[in-house]
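This briefing sets out the main features of the structure shown below, arranged by topic.

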Amino acid sequence: MLTSEQLASYHETGYILVRGLFSRPEAAALRDEARDLIARLQRIRNVEATWGAARALSAEAASTQLLHCHDAQFYSAAFSRLIVDDRLTSVASSIIGGPNVQLHHTKIFIKPAERGSPFPLHQDYPFFPHERHSMIAAICHFDEAPVEKGCVAVVPGSHRQGPLPHDREGGWHLPVDRYPVESAVPCPAEPGDVLFFSYLTIHGSGINRTNEPRTTILVQMRDPEDPPSVRTHESRGQGMMLRGIDPSCCTVVPASEAVKAGPAVPGMGGAMGGPAPAMGGAGAPGMGGRM
Ligand SMILES: O=C(O)CCC(=O)C(=O)O
């Protein structure tokens, strides 16, 4: 739950860093869980996820690494518990402005020591556009994220500009000459802090140059009554209710279910029934940048 001052600040700036939402011992346990999970996955598949556009930022960025796991709650119950935690979802509910909070997806990011990848500035909107823009991210920090580790940086108030044109190549990003990462306001964080921001808020991050990894999970959430305007970036677990109910009784039918069920989603028309327009590889391996 946010105070009215915190909520007013969020609406003004498009983000809020909630300090100590989780305790340091909780954050430490989740950091270990995240690192163990990534180590397990590394034994069976490539978990590298640096955007092509990030590598293109500089000679230093070209050799950076970003380890990732999407939908972490399918691999460890610790993350299932995290995403329904009342402390997290009550803040999400305040920001969304209603009692109901629905999962879009989760992703663990580990920026390895000394060479953790940057993110060019971008809005999350082009990766998964929605009609009412209720979509928010909550980045939960499991270890220290000072500026030198490539903490997340935001452009305060940028959400009020609405959706901006992005370059698709190498992951949807804003033109790097007009939007350098250095122009954004860094949000250094401590273990247990959670950064909430709108999917319209311009954000990115720098390189981790320290001798410690930076470990986070990003939980992307929306109002269940805010349907996607483009059918893209679907994943298993999407649509799970984290708080409250889905008044529409399943606004979003996963593609696999839609095929089985036929066009049985009232009022969703072509936007939900047809194939996804090419959106530039949001989240799909090999499609030019994961989200
Ligand atoms: O974790 C970060 O440094 C930034 C992540 C990000 O910008 C994103 O996933 O959209």
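Which element contributes the largest share of the shell around the ligand? Strand E9 does, with three residues. The model is predicted, and the protein comprises seven helices and 11 strands. The points below begin with the ligand shell and then turn to the overall fold, the nonpolar cores and two of the helices.

**Ligand shell**

- The ligand is surrounded by 10 residues, the closest being Phe109, Phe119, Asp124, Val152 and Ser205.
- Two or more residues of the shell are given by each of two elements, strand E9 (203-205) and strand E10 (214-222).
- By residue class, the shell around the ligand contains five nonpolar residues, four polar residues and one charged residue.

**Overall fold**

- The protein has 291 residues, of which 47% count as buried.
- Considering contacts between residues at least 6 apart in sequence, 85% join residues at least 24 apart.

**Nonpolar cores**

- The largest nonpolar core consists of 63 residues, and Ile136, Ala138 and Phe196 have the most contacts inside it.
- A second core lies apart from the largest one and has seven residues, including Ala53, Ala54, Phe119 and Ile207.
- Phe119 thus appears both in this seven-residue core and among the closest residues to the ligand.
- When residues up to four places away in sequence are left aside, Ala138 touches Leu88, Ala92, Val194, Phe196, Val219 and Met221.

**Helix H5**

- Helix H5 spans residues 86-96, and its buried residues are Leu88, Thr89, Val91, Ala92, Ser93, Ile95 and Ile96.
- Leu88 and Ala92, both buried in H5, are among the residues that Ala138 touches.
- Gly97 follows H5 and has a positive phi, near 85 degrees.

**Helix H2**

- Helix H2 (residues 24-42) contains 19 residues, and the distance from its first C-alpha to its last is 27 Å, close to the 27 Å expected at 1.5 Å a residue.
- The buried residues in H2 are Ala27, Leu30, Glu33, Ala34, Leu37 and Ile38.
- Viewed down the axis of H2, these buried residues fall within an arc of 130 degrees, and therefore they line one face of the helix.
- Exposed residues Pro25 and Ala39 are carried on the face of H2 turned away from its buried side.
- The packing partners of the buried residues of H2 are strand E2 (67-70), helix H4 (77-83), strand E3 (101-111), strand E5 (136-141) and strand E10.
- Strand E10 accordingly takes part in two settings: it packs against the buried residues of H2, and it gives residues to the shell around the ligand.

Conventions
Residues are numbered from 1 along each chain as its sequence is written. This is a predicted model: local features need pLDDT of at least 70, side-chain atom pairs count only at pLDDT 80 or more; totals for chains, interfaces and linings use all residues. A residue is near a molecule or strand if its C-beta atom, placed from the backbone, lies within 6 Å of it. Helices (H or I, at least four residues) and strands (E, at least two) are DSSP runs, numbered from the N terminus. Ala, Val, Leu, Ile, Met, Phe, Trp, Tyr, Cys and Pro count as nonpolar, Asp, Glu, Lys and Arg as charged, and the others, Gly among them, as polar. A residue is buried if 20 or more other C-beta atoms lie within 10 Å of its own, exposed if 12 or fewer, and partly exposed in between; C-beta atoms are placed from the backbone. Two residues are in contact if their C-beta atoms, placed from the backbone, lie within 7 Å. A nonpolar core is a set of buried Ala, Val, Leu, Ile, Met, Phe, Trp, Tyr and Cys residues joined through C-beta atoms within 7 Å. The expected span of a helix is 1.5 Å times one less than its number of residues. The arc is that of the directions from the helix axis to the C-beta atoms.
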